[in-house]
Every structure is written in C-alpha cells, then in structure tokens.
Amino acid sequence: MEKLEYIVPCHFGLEAVLKREITDLGLEIICVEDGRVTFAGDRQALCRANIFLRSAQRVLIKIGSFHAESFEELFQKTKALPWEAYIPKDGKFWVAKAASVKSKLFSPSDIQSVMKKAMVERMKGVYHIDWFSESGADYPVRVFIKKDEVTVGLDTSGESLHKRGYRKLTAKAPIAENLAAALLMLTPWRGDRILVDPFCGSGTIPIEAAMMAARIAPGKSRSFTAQDWTHVFPAALWEKAREEAVSLEMPDAETQIQGYDIDDEMVAIARTNARLAGVEHLIHFQQRDVAQLSHAKKYGFILTNPPYGERLSEKEGLQTLYRTLGERYRTLDSWSMYVITSYEQAETAIGRKADKNRKLYNGMIKTYFYQYMGPKPTGSKK
C-alpha cells in the first residue's frame, strides 16, 4: 500500500513525547526536528494520527520540500508540486500560514501570495480551466522555511488538535489540552495512581488525565478537514479508526484524580467540561484553597498550572501563593510535584530547587516545567 509522509507540529520542547506517541501507534518515524515530527504511513495512518495523538497540534500531508532563495524560485518549485493529487478543481485552497526562520524569504504575506499564484498556475494546466470556483472542500496549506529550505504541507486537521470538543467553558489563562496531556506523559504518573491539581481552573489537567486513564482517544468526538476529502481518504478509513478508538476504551477505569480551585465558579465549569468529555465520574472536583491541600495516602502526584502573574494585579500575591504550595507539598510524604509556570521566582518561593527543569512554551509564553521527584512506591519495578 502507498506510503505518504506526514508532518506533525507540536509545542517546542515536546518533540520526544510526540515521537513516542507516534511510535506507540506502530508508525515509522522519518525525522524529529524543532517543533515537529515527520512519519511515514498509509492513508489509514492519517486518520489514526488525528484521532489518537494527544500531544500533537495538527497533522499535515507533506506535499514536498525544496530550496528557495528568491520568490521566482519559490513560485516555480511550488508550481512543480503535485497539487492535483489532493485538490480537485472545485477545492478551496489557500496558504493558511507561512513561517520563516533565518531565510532570505521572510515576509509571510508575500510567501502566501506567491505560493497561491503558483498553485493556481499548476492546476490551470492540469484541469484546463482559467477560473476556479473554490466552492468545494477546504484545502489549507502550511509552509515552513528554515535556512532557505522550504517544507510544504496540506493541513488535514483543520482546527488545532488541542480542541478536543469538550472545553466549552474556560478559565482566564487555560492550559492547552495537548500541552496538559504532554506534561502528564513527561511524568511517571499512570491512571490508577493519585493525581491532584490544586489550581485546576476549567479542569483541563484532570480531564486529560482521566481520558488517558480511560483510554479515550482525544479526537474521537471531533471532525477533521480531511474528512471532506473523500476522494483521498474515504469515509470507511475514518470509521475504522473511530471503531478502533471505541474498542480500546475503559470507561470504568479505577482512578484517584482530584481537581481543586479556590473559585467555585471554576469548579462548576470544570465539572461541566468533564461531563462533556465523558469522564465526570472519574474525577473529584472541589472548591478548595491551596492552603488546604492535604492527602492521607502516599506516593501521589501534584501536576498543576498555577497563576503566572501575567496581569499586574496578580503579581503581588504570587510569592505567597507559591510559598504556600511549597509548604503544603512538604507535608505530603513521598509525593512528587510537577509545576508549569512562567513565574521566575517559583523555585525560591516554593523553597526547594527542582530536581529537573524543562523549558516549554505555553502559547507564546516561555514557561518552565519544574519537576520534584518523590520516591518510587515500595515494590515498584518502574
């Protein structure tokens, strides 16, 4: 069966997590670069990747790559790509995003314009028409240029894959669903172990944890742009992937997942989102201040996204908030704690240097993932 190349962008710093996910799906890794992983697979692999990958941002079909230092080169080499293999004559096609790093071609709007013209010229010759109605399905194109090397992909996902479909209501500064899932995968936590988020906001971290524990595929309940490309990806391929997802679910998984927030409105929102995700029964949400954080059991995990103090009005209380978190953590015998924040004094306020520290980006905000490692449970082999 024909193999295609697929490009999967992710948050910078999480390429290894995404690579492991793709490998676990039984797919062949071609290369790992900053902010993206490329793999090979058949057309079924595209459907499975969109439905199953938790840390991905989107899945692109690699249309081609080439070197270009001028707009004439960009035009001619874009025109040489086999667009007609995917885009029919009534397709709506455009360059949705262009990104350029350390390259002679650096204006996104000019790159987008030149490439659109080149695509039109290519398909004029193939379809023998001079005007395209663009009344059919969407075919958004994304292009990355780094050191004059151009990579062109056709976006099969549409809306970013972090949009699972369950989060109808959000907090002021929510963490993206795919970032929350990736953070969980960076820890030794497993679905049957204790997990507490004392700043749960709209519930993203506990919900992603519960979905992982119940093996609910993140993309099971949403749609994708490529579902309308039935000449390339027949409906049967999507149906097969969704059937696979349903067959793997464990809705009655045993969990010990808790989400707390000082704001009772946020707790209500978190419960609503959990219900929409189908995991409300797997999470205990409660209105509770971080100063009340406690637990009778050992070997639990704290994973949380506390306030960063991005607003001036929030900065004054940050040190007290993080100090309180550190104090409560020290009372939890044998626990591990994982904190993502942009607050640069977090370790000082917590009162302990992290065992590991990883730089990540939450949207456009540079953050640090502070990792405090507790002991392994007695008798654990992992």
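## Pocket, cores and ring pairs

The largest pocket has a volume of about 1,200 Å³, in what is a predicted model. Its lining comprises 37 residues, and those closest to the pocket centre are Cys10, Phe12, Gly35, Gln57 and Phe144. By character, the lining splits into 15 nonpolar, eleven polar and eleven charged residues. Seen by element, two or more lining residues come from each of strand 1 (4–9), strand 2 (28–33), strand 3 (36–41), strand 5 (92–101), strand 6 (138–146), strand 7 (149–155) and strand 13 (356–362).

Let us turn to the cores. The largest nonpolar core holds 62 residues, and the members that touch the most others are Leu183, Ile207, Val279 and Tyr322. Helix 5 (residues 177–185) is the top contributor to this core, giving seven residues. That helix is mostly covered, with nine of its nine residues buried; among them are Glu177, Asn178, Leu183 and Met185. Leaving aside residues up to four places away in sequence, tyrosine 322 is in contact with Pro306, Pro307, Tyr308, Val339, Thr341, Tyr343, Ala346, Ala349 and Ile350. Another core, of 60 residues, lies apart from the largest one and includes Leu4, Ile22, Ala49 and Phe224.

Now for the aromatic rings. A pair of aromatic rings is described by the distance of the centres and the angle of the planes. The model has ten aromatic pairs, and two of them are set out here.

| Pair | Distance of centres | Angle of planes | Kind |
|---|---|---|---|
| Tyrosine 6 and phenylalanine 39 | 5.2 Å | 35 degrees | tilted |
| Phenylalanine 93 and phenylalanine 132 | 6.0 Å | 85 degrees | edge-to-face |

The tilted pair links distant parts of the chain, since tyrosine 6 sits in strand 1 and phenylalanine 39 in strand 3, 33 residues apart. Tyrosine 6 has a relative accessible area of 0%, so this residue is buried. Phenylalanine 39, likewise at 0% relative accessibility, also counts as buried.

What makes the other pair edge-to-face? The planes of phenylalanine 93 and phenylalanine 132 stand at 85 degrees, and an angle over 60 counts as edge-to-face. This pair, too, links distant parts of the chain: phenylalanine 93 belongs to strand 5, while phenylalanine 132 lies in the loop between helix 4 (108–127) and strand 6, 39 residues apart. Are these two rings buried or exposed? Phenylalanine 93 is buried, with a relative accessible area of 1%, and phenylalanine 132 is buried at 8%.

Finally, Tyr139, Trp229 and Phe233 come together as one aromatic cluster.

Technical notes: Residues are numbered from 1 along each chain as its sequence is written. This is a predicted model: local features need pLDDT of at least 70, side-chain atom pairs count only at pLDDT 80 or more; totals for chains, interfaces and linings use all residues. Side-chain values use heavy atoms; hydrogens and water are left out. A nonpolar core is a set of buried Ala, Val, Leu, Ile, Met, Phe, Trp, Tyr and Cys residues joined through side-chain atoms within 4.5 Å. Buried means under 20% relative accessible area, exposed over 50%, partly exposed in between (1.4 Å probe, protein chains only). Helices (H or I, at least four residues) and strands (E, at least two) are DSSP runs, numbered from the N terminus. Contact means heavy atoms within 4.5 Å. On a 1 Å grid over the protein atoms alone, a cavity is a set of points where a 1.4 Å probe fits but cannot get out, and a pocket is an open set with protein on both sides within 12 Å along at least five of seven lines; lining residues have an atom within 4 Å of a point. Grid points are joined across faces, edges and corners, and a volume is the space filled by probe spheres set on the points. Ala, Val, Leu, Ile, Met, Phe, Trp, Tyr, Cys and Pro count as nonpolar, Asp, Glu, Lys and Arg as charged, and the others, Gly among them, as polar. Rings of Phe, Tyr and Trp (its six-membered ring) pair if their centres lie within 6.5 Å; planes under 30 degrees apart count as stacked, over 60 as edge-to-face and the rest as tilted.
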